[in-house]
Amino acid sequence: MTQQLLNQGNEGAFDYGIRTKINENFTELCARPYCVRQTADVVADESTTLANLTGLVQTVIAGTYKFKVALQALSTANGGTKVAFKYTTATLTSIQCESKAFTASAVAVTRFITTTDAASIIAATAANICIELEGTIVVAVGGTIQVQGAQNVSHTDETTYYAGSTFELYKL
């Protein structure tokens, strides 16, 4: 009886079963971000070799994504910071991004476009205190995307990427 009442006068409307499925999967149907958090500090010392920032990895399928990376970092002008994406089985058609490297008194803003694995999105020899990346990624073949960090110039001064940094991803 309830089913009949729901469907009366609703020509073309979803029936109860379809509405239930939509409600059960609503979060997957919305452009809601999936956010991961860095779980441990990563320290680069006398090394420009990119290292995974623990916990900042996202699984992707083919499609277009909007992303935002907010890194809490600390470097000196001697070592600086270098940040990149590492793809594991993922094939990207393009990454377009705006990057911001903040110091105590200035902001360096750059535009970055690539398809290359582990290309340096940020490569700054400066006393950075935080880094933000924001843009779009077009994925041709699914896999994972990992945020990596290092020193821009090898130096005994430490460059630290702190736990609590985040990587948000929206499927468009």
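**Exercise 1. Which residues does V83 touch, not counting residues up to four places away in sequence?**

Solution. The model is a predicted one, in which local features need pLDDT of at least 70, side-chain atom pairs count only at pLDDT 80 or more, and totals for chains, interfaces and linings use all residues. Residues are numbered from 1 along each chain as its sequence is written, and side-chain values use heavy atoms, with hydrogens and water left out.

Step one is to place the residue: V83 is found in strand β5, where strands (E, at least two residues) and helices (H or I, at least four) are DSSP runs numbered from the N terminus. Step two is to list its contacts, a contact being heavy atoms within 4.5 Å: V83 touches L71, A119, S120, I121, I122, I131, L133, V147, Q148 and Y161, once residues up to four places away in sequence are not counted. Step three is to turn to accessibility, for which buried means under 20% relative accessible area, exposed over 50% and partly exposed in between, with a 1.4 Å probe and protein chains only. V83 is buried, its relative accessible area being 0%. As for N52, it is 31 residues from V83 in sequence, and the C-alpha atoms of the two are 9.9 Å apart in space.

**Exercise 2. Describe the aromatic pairs of the structure and the parts of the chain that they link.**

Solution. A pair of aromatic rings is described by the distance of the centres and the angle of the planes. Rings of Phe, Tyr and Trp (its six-membered ring) pair if their centres lie within 6.5 Å, and planes under 30 degrees apart count as stacked, over 60 as edge-to-face and the rest as tilted.

Step one is the count, since a search of the whole structure finds 2 aromatic pairs. In step two, F67 and F85 prove to be edge-to-face, at 5.3 Å centre to centre and with 90° between the planes. Because F67 lies in strand β4 (residues 63–74) and F85 in strand β5 (residues 81–88), this pair ties together parts that are 18 residues apart in sequence. F67 is buried at a relative accessible area of 1%, and F85 is buried with a value of 1%.

In step three, the rings of F85 and F167 have centres 5.8 Å apart and planes at 35°, so the pair is tilted. This pair links distant parts of the chain, with F85 in strand β5 and F167 in strand β12 (residues 166–171), 82 residues apart. F167 is buried, with a relative accessible area of 0%. Step four joins the results: F67, F85 and F167 form one aromatic cluster.

**Exercise 3. How many helices and strands does the chain have, and which elements have the lowest and the highest mean pLDDT?**

Solution. The chain has 3 helices and 12 strands. For confidence, pLDDT is the predictor's own value for each residue, from 0 to 100; the chain averages 85, and 83% of the residues score at least 70. Among the elements, helix α3 (residues 26–29) has the lowest mean pLDDT (51), whereas strand β11 (residues 159–161) has the highest (96). Where pLDDT is low, the predicted coordinates should not be read in detail.
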